[in-house]
Amino acid sequence: MPSFGTQSLMQLETCHEDIQRVLHEAIKHVDFSVVEGHRSLERQQELYAKRPRVTTLDGVERKSRHQTWPSEAVDIIPYPSGYEDFNLMIELGRFVQGVGYGMGVPLRWGGDWDSDFDRRDQSFHDLPHLELLER
């Protein structure tokens with residue numbers, strides 16, 4: 001059975017307890033790494049400044065759900081392939097989103113922001129990203 005490594009656990013500890021519960025359940029079925037949970041303003045601005053842009057949120061006027069404490073967002077990637085396997089990234093995002101719904105924790109996935117099962121209508125794709133839906 002897959003399990004989280006030290007770095008993944010450190011990032012996961014910065015996340016909201018509902019995200020932690022969902023990811024601890026998901027890791028029982030598929031192997032993945034937690035890349036980032038909580039994000040400082042400096043880190044958010046660093047990512048915003050990258051080209052091509054990694055985020056559309058500058059962290060000041062438009063804050064990321066990663067900036068809350070505990071983080072209401074998380075970035076995950078398949079293990080061991082990481083970012084290289086586009087199709088596996090999509091499957092992982094959908095799978096974890098489904099685990100969340102099954103546990104009563106609805107999540108928004110960055111590959112289908114409006115959750116209409118049509119990834120073509122997105123202006124910005126963030127395949128590693130999952131966030132709690134506002135309740």
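Me: In which strand does His129 lie?
Reply: His129 belongs to strand β4. Strands are DSSP runs of E (at least two residues) and helices are runs of H or I (at least four), numbered from the N terminus. The model is predicted: local features need pLDDT of at least 70, side-chain atom pairs count only at pLDDT 80 or more, and totals for chains, interfaces and linings use all residues. Residues are numbered from 1 along each chain as its sequence is written, and side-chain values use heavy atoms, leaving out hydrogens and water.

Me: Why does His129 count as buried?
Reply: Its relative accessibility is 5%. Buried means under 20% relative accessible area, partly exposed lies in between, and exposed is over 50% (1.4 Å probe, protein chains only). His129 therefore counts as buried.

Me: What makes the side chains of His129 and Asp75 a polar contact?
Reply: They come to 3.4 Å. A polar contact is a pair of N or O atoms within 3.5 Å; within protein, one must be able to donate a hydrogen and the other to accept it, and residues adjacent in sequence count only if both atoms are side-chain atoms. The pair therefore qualifies.

Me: Which other residues are in contact with His129, leaving aside its neighbours within four places in sequence?
Reply: Contact means heavy atoms within 4.5 Å. Among them are His66, Arg108, Trp109 and Trp113.

Me: Which residues lie nearest the centre of the largest pocket?
Reply: Val54, Asp75, Phe124, Asp126 and His129, out of 27 lining residues. The pocket holds about 550 Å³ of space. β1, α3, α4 and β4 each supply at least two lining residues.

Me: How do you know that the span of helix α4 agrees with its 17 residues?
Reply: The expected span is 1.5 Å times one less than the number of residues. For residues 86–102 that gives 24 Å, and the end C-alpha atoms are 25 Å apart, so the two agree.

Me: What caps the N-terminal end of α4?
Reply: Asp85 does, with a side-chain oxygen 3.3 Å from the backbone nitrogen of Asn87. After the helix comes Gly104, whose phi is positive, near 80°.

Me: Which residues of α4 are buried?
Reply: Met89, Ile90, Leu92, Gly93, Val96, Gln97, Val99 and Gly100. They pack against α2 (17–26), β1 (32–36), β2 (73–78), β3 (107–109) and β4 (129–132). An α-helix has 3.6 residues a turn, so residues three or four places apart point the same way.

Me: Which members of the largest nonpolar core touch the most other members?
Reply: Leu23, Phe32, Val34, Val74, Ile76 and Val96, of 24 residues. α4 gives the most to this core, with 5 residues. Such a core is a set of buried Ala, Val, Leu, Ile, Met, Phe, Trp, Tyr and Cys residues joined through side-chain atoms within 4.5 Å. Beyond four places in sequence, Leu23 is in contact with Phe4, Leu12, Phe32, Val34, Val74, Ile76 and Val96.

Me: Why is Ser115 called partly exposed, and why is Phe117 called exposed?
Reply: Ser115 has a relative accessible area of 31%, so it falls between the two cut-offs. Phe117 has 69%, so it passes the upper one. Ser115 is in the loop between β3 and β4, and Phe117 lies there too. Neither is a glycine, yet phi is positive: about 55° for Ser115 and near 65° for Phe117.

Me: Which residues does a cis peptide bond join, with omega about 5°?
Reply: Tyr79 and Pro80. Pro80 is in the loop between β2 and α4. The bond from Trp69 to Pro70 is cis as well, with omega near -5°.

Note on methods:
On a 1 Å grid over the protein atoms alone, a cavity is a set of points where a 1.4 Å probe fits but cannot get out, and a pocket is an open set with protein on both sides within 12 Å along at least five of seven lines; lining residues have an atom within 4 Å of a point. Grid points are joined across faces, edges and corners, and a volume is the space filled by probe spheres set on the points.
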